[in-house]
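Biologist: I am new to this structure and would be grateful for a close look at a single part of it. Please choose one strand, describe how it is set among its neighbours, and then place it within the rest of the chain.

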Amino acid sequence: MKLASPRDRAGRFVNWARTETSTPSEWSRPTTEGEVAHAVDRARAAGTSVRVIGAGHSWSRIAVPEAVAMSLDAMAGDVRVDDARQTVTVPGGMRLRDLSAHLLRSGLSLPIVGSIQAQTVAGAIATGTHGSSLTHGNLSSLVTAVRVVAGTGEVVDIGRDDERLNALRVHLGALGVVTRVTLRVRAAGRLHQLIEHLPVEAVPDALPEIAASAEYVKVWWLAHASSAQVIRYTRTDDPVTRRPAAATSRWIDERVMHRSVFPALVRLQHRRPAVTAGINERLSRMYLGAASQIGQDALMLNTPMPMRHRETEAAVPMGTAPEAVRRVLDLFQGGRPAVSFPLEIRFVRGDDAWMSPASVQDRGADTCQIGAYSTDGPDCTSYFDAFWRVMRPLGARPHWGKELDHTADELRPLYCHMDRFTALRDQLDPQRVFGGEFHSRVLGR
Ligand SMILES: Cc1cc2nc3c(=O)[nH]c(=O)nc-3n(C[C@H](O)[C@H](O)[C@H](O)COP(=O)(O)OP(=O)(O)OC[C@H]3O[C@@H](n4cnc5c(N)ncnc54)[C@H](O)[C@@H]3O)c2cc1C
């Protein structure tokens with residue numbers, strides 16, 4: 001499948017959701033680390049900025065270029081597997097999908113992936129991209145080394161014993177151009193996916209038990225619907241099941257449901273918001289009934305590519321999760337906001353990265369990440385505003401790659417290592433070559 005490019009024919013930057021655009025002064029496409037350093041030196045001398053673009057799959061303005069837009073897609077570089085250490089070292093601009101395919105040929109896989117694999121490795125770790133597992137952390141927690149071209153033009157290697165690695169793990173694109181990343185891998189295997197159903201009102205109290213019930217487990221339901229899907233994945237040596245049927249149903253989901261049926265229903269819901277709840281309940285019933293299948297691990301954890309939509313997401317400590325979900329459910333009393341997309345609850349093992357939404361720091365807990373998704377309909381913005389009105393008092397941290405309007409002043413109390421992060425930024429990028437409006441807002445300077 002062709003992967004979407006964040007550069008359109010007119011040379012503008014356009015993110016995946018088509019909600020953020022800008023016209024860079026220049027697109028830089030280095031082929032070597034020397035050329036990266038040269039472009040950074042030129043920008044620094046000119047007093048301008050460089051924004052490295054991964055796959056442009058963030059909803060937030062974190063990837064929006066204001067001057068030079070740099071793409072690493074021409075910097076192929078080699079992929080080195082270290083069998084003894086069970087790690088792989090890859091170019092930062094490599095797409096996760098290409099990495100997974102490469103690993104599979106060596107009988108290896110990433111222990112955790114999110115819903116899709118269109119992102120680049122450096123772009124995914126920049127924002128703390130995650131899947132759902134209390135056994136495994138987010139993708140950044142797999143990182144054991146990073147090479148970065150700093151804003152000073154210097155090439156810096158940061159390995160597993162260097163405390164700065166915890167800054168680079170979730171780097172926000174603020175510390176330099178990430179040219180190489182080393183990640184932990186493991187033997188590839190198969191996962192058994194089992195989908196069961198639960199009344200939505202039972203979800204909050206059941207969350208702690210659900211989160212601990214499988215190596216990978218997530219919960220989602222269509223807004224307004226009365227039934228939630230609990231999707232568990234466990235390792236198995238059993239053979240792949242129903243391969244043709246699974247491939248066909250994924251094809252139908254991607255090509256027919258997501259590209260034709262859902263968009264038509266969504267257009268109707270945008271015109272007549274009052275019908276949203278009823279349609280969602282009927283759609284949700286179409287998917288009732290337990291489902292079970294076995295497939296290759298990374299593939300099973302991915303979902304079909306959804307239709308374009310908007311997302312915001314809050315990370316709360318596991319202990320707060322039931323109350324947080326109850327508050328979100330309360331938002332839907334009375335049929336508004338009219339939302340025609342799912343809510344998704346995922347679990348992320350706590351980590352040590354300074355700016356990771358799942359970082360334990362002074363919270364001492366694993367994290368529950370609550371995703372609020374919506375098409376860009378009449379109620380979307382008020383829905384996200386209402387979502388954050390109930391999440392903020394719970395000390396929720398926003399996902400860096402999804403819509404957020406937070407400022408440094410409110411983020412600092414949520415991240416006890418934020419000052420260390422900004423101090424490192426002062427060292428690696430004193431002239432703010434990698435700065436801009438978004439980064440000034442969330443990091444303060
Ligand atoms: C359909 C869809 C599904 C998604 N599913 C999930 C999911 O399951 N879980 C989840 O947590 N998130 C998910 N996301 C969000 C996505 O994973 C993040 O926003 C991710 O950061 C995007 O990666 P990217 O390569 O597109 O980076 P971009 O969005 O292009 O960039 C993100 C940041 O990384 C910086 N950057 C990129 N490359 C480099 C580099 N080489 N050096 C320095 N800085 C760099 C950019 O400057 C920017 O600051 C999803 C997004 C979409 C559109």
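Modeller: Strand S19 is largely enclosed by the rest of the structure, because eight of its eight residues are buried. A residue is called buried if 20 or more other C-beta atoms lie within 10 Å of its own, exposed if 12 or fewer do, and partly exposed in between, with C-beta atoms placed from the backbone. The model is predicted: local features need pLDDT of at least 70 and side-chain atom pairs count only at pLDDT 80 or more, while totals for chains, interfaces and linings use all residues. Residues are numbered from 1 along each chain as its sequence is written. Helices (H or I, at least four residues) and strands (E, at least two) are DSSP runs, numbered from the N terminus.

In a regular strand the side chains alternate between the two faces of the sheet. In S19, Thr367, Gln369, Gly371 and Tyr373 lie on one side, and Cys368, Ile370, Ala372 and Ser374 lie on the other; both faces are covered, as all of these residues are buried.

The partners of S19 come next. Two strands are said to pair if DSSP finds at least two bridges between them. Strand S17 (residues 310–317) is joined to S19 by eight bridges, and the two run antiparallel. Within this pairing, Glu313 stands opposite Gly371. Strand S18 (residues 342–348) is also antiparallel to S19 (residues 367–374), with six bridges between them. Here Gly371 is the bridge partner of Glu344, and Gln369 is that of Arg346. Gly371 therefore has a place in both pairings, facing Glu313 of S17 and Glu344 of S18, within a strand whose eight residues are buried.

S18 resembles S19 in its surroundings: seven of the seven residues of S18 are buried. From S18, Pro342, Glu344, Arg346 and Val348 point one way, whereas Leu343, Ile345 and Phe347 point the other way, and all are buried. S18 is joined in turn to strand S14 (residues 216–222) by four bridges, again antiparallel. Glu344 takes part here as well, as the bridge partner of Trp220.

A second sheet offers a comparison. Five strands form an open antiparallel sheet in the order S6-S7-S11-S9-S10. Its edges are strand S6 (80–82) and strand S10 (155–158), each of which pairs on one side only. Neighbouring strands of this sheet are turned by 15 degrees against each other on average, direction ignored (the axes are lines fitted to C-alpha atoms, for helices over the stretch in contact, and angles run from 0 to 180 degrees between N-to-C directions). Inside this sheet, strand S7 (residues 87–91) pairs with S11 over five antiparallel bridges, and Val88 stands opposite Leu183 of S11.

S11 (177–184) also contributes at least two residues to the shell around the ligand, as do strand S4 (50–53) and helix H3 (121–126). H3 provides the largest share, four residues. Gly54, Gly114, Gly123, Gly173 and Gly401 come nearest among the 32 residues around the ligand, where a residue is near if its C-beta atom, placed from the backbone, lies within 6 Å of the molecule.

Two helices show a one-sided burial that contrasts with the two covered faces of S19. In helix H7 (residues 276–286), Thr276, Ala277, Asn280 and Ser284 are buried. They lie on the same side of H7, because they cover an arc of only 90 degrees around the axis, an arc being that of the directions from the helix axis to the C-beta atoms. The face of H7 turned away from this side carries the exposed residues Gly278, Arg282, Arg285 and Met286. In helix H2 (residues 96–105), the buried residues are Leu96, Leu99, Ser100 and Leu103. These fall within an arc of 100 degrees seen down the axis of H2, so they line one face of the helix. Exposed Ala101 and Arg105 are found on the face of H2 turned away from its buried side.

Finally, the whole chain gives the setting for S19. The chain has 13 helices and 20 strands, and buried residues make up 47% of its 445 residues. The C-alpha trace spans about 60 × 45 × 45 Å along its principal axes.
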